[in-house]
Amino acid sequence: MAIREILTVPDPRLKEVSKPVEGGVTDELRALMDDMLETMYDAPGIGLAAIQIGVPLRIIVMDLAKEGEEPQPKYFVNPEIVETVEETLPYEEGCLSVPDIFDEVERPARCRIQYMDYDGFKVDEWCEGLYAVCIQHEMDHLEGTLFIDHLSRLKRQRAIDKVKKAKLRALREDAA
Ligand code: ZN
């Protein structure tokens, strides 16, 4: 396993639409998912889409275990949202590709998803609460959409500028 670099805004690759995985879940894909999970734990974060490490495939990893709980890694290959409810749930979201920015996004409170898991088995289930928020946030990544794209243009630009500035500052500190 290896920790990969996480892309941050305004990296244009984050705007790419990811391609479906063809031909099932191979060992090569499992190795990629292992790397994604390790990268996510290291960050630390609760969800990561493959495009966030520059791989434009429809793959997501997630772990919603609370502090002190056993890890509960989840893997999603070719996930699809097949049903949502009208009721919405506002939630303060953040993203490893938009570090240190948090803002409220309102999404359907529950959704039904279909995907292949780590072993290639098909899963069909309803998500709610944080699980529903997180899977919809990660699914957005597969379409090249970030949570800040759900905010006003002003808030979005401010977030990108803040990330850019923080990155420059870090680079300068490294060079000093
Ligand atoms: Zn994200």
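**Exercise 1. The aromatic cluster**

Are Phe76 and Tyr131 buried or exposed? Work out, in this predicted model, which ring pairs connect these residues to others.

*Solution.* Both Phe76 and Tyr131 are buried. To place them in context, begin with the total, which is 3 aromatic pairs in the structure. One of these joins Phe76 to Tyr115 in a tilted arrangement, with the ring centres 4.5 Å apart and 55 degrees between the planes. Because Phe76 belongs to strand S3 (residues 73–84) and Tyr115 to strand S6 (residues 110–116), this pair ties together parts that are 39 residues apart in sequence. The relative accessible area of Phe76 is 0%, and Tyr115, at 8% relative accessibility, counts as buried because the cut-off is under 20%.

The next step is the pair formed by Phe76 and Tyr131, which is also tilted, at 6.3 Å centre to centre and 45 degrees between the planes. Since Phe76 lies in strand S3 and Tyr131 in helix H2, the pair ties together parts that are 55 residues apart in sequence. Taken together, ring pairs link Phe76, Tyr115 and Tyr131 into a cluster.

**Exercise 2. The zinc site**

Identify the protein donors of the zinc ion, and explain how the two histidines are placed relative to each other in helix H2.

*Solution.* The protein donors are the SG atom of Cys95 and the NE2 atoms of His137 and His141, which lie 2.1 to 2.3 Å from the zinc ion. Reading the donor residues along the sequence gives the spacing C-x41-H-x3-H. The histidines His137 and His141 both fall in helix H2 (residues 129–142), and because they are 4 residues apart there, about one helical turn separates them. Both of these histidines, His137 and His141, are buried.

**Exercise 3. Helix H2 and its surroundings**

Compare the span of H2 with the expected value, and then decide how far the helix is enclosed by the rest of the structure.

*Solution.* H2 has 14 residues and reaches 21 Å from its first C-alpha to its last, which is close to the 20 Å expected at 1.5 Å a residue. For the second part, count the buried positions: 12 of the 14 residues of H2 are buried, so the helix is largely enclosed by the rest of the structure. Among them are Tyr131, Ala132, Gln136, Glu138 and Asp140. After H2 comes Gly144, whose phi is positive, near 80 degrees.

Val133 serves as an example from within helix H2, and its relative accessible area of 5% makes it buried. Leaving aside neighbours within four places in sequence, Val133 is in contact with Leu89, Tyr91, Glu93 and Arg107. By contrast, Asp42 lies 91 residues from Val133 in sequence and 21 Å from it in space, C-alpha to C-alpha.

**Exercise 4. The two cores**

Determine which elements give two or more residues to the largest nonpolar core, and which residues a second, separate core includes.

*Solution.* The largest nonpolar core has 18 residues, of which Leu32, Met33, Met36, Leu48, Ile53, Ile59 and Val61 touch the most other members. Two or more residues of this core come from each of helix H1 (27–42), strand S2 (59–63) and S3, and H1 provides the largest share, 6 residues. Leu32 shows the contacts of one such residue: beyond residues up to four places away in sequence, Leu32 touches Arg4, Ile53, Val55, Leu57 and Ile59. A second, separate core of 15 residues includes Met62, Cys127, Tyr131 and Ala132.

Turning to H1 itself, this helix has 16 residues and reaches 22 Å from its first C-alpha to its last, close to the 22 Å expected at 1.5 Å a residue. The buried residues of H1, including Leu29, Arg30, Asp35 and Thr39, pack against strand S1 (47–49), S2 and S3. Arg30 also lies over the face of Tyr118, at 5.9 Å from the ring centre.

**Exercise 5. Met62**

Locate Met62 and describe its contacts.

*Solution.* Met62 lies in strand S2 and counts as buried, at 0% relative accessibility. Apart from neighbours within four places in sequence, the contacts of Met62 include Leu37, Met40, Phe76, Tyr131, Cys134, Ile135 and Glu138. Phe147, 85 residues from Met62 along the chain, has its C-alpha atom 16 Å from that of Met62.

Note on methods:
Residues numbered from 1 in each chain as written. Predicted model: local features only at pLDDT ≥ 70, side-chain atom pairs only at ≥ 80, totals over all residues. Heavy atoms only, no water. Donors = N, O, S within 2.8 Å, 3.2 Å for Na, K, Ca; no water. Buried < 20%, exposed > 50% of the residue type's maximum accessible area, 1.4 Å probe, protein only. Phe/Tyr/Trp six-rings, centres within 6.5 Å; stacked < 30°, edge-to-face > 60°. Lys NZ or Arg CZ within 6 Å of the ring centre and 35° of its normal. Core = buried A, V, L, I, M, F, W, Y, C linked by side-chain atoms within 4.5 Å. Contact = heavy atoms within 4.5 Å. Expected span 1.5 Å × (residues − 1).
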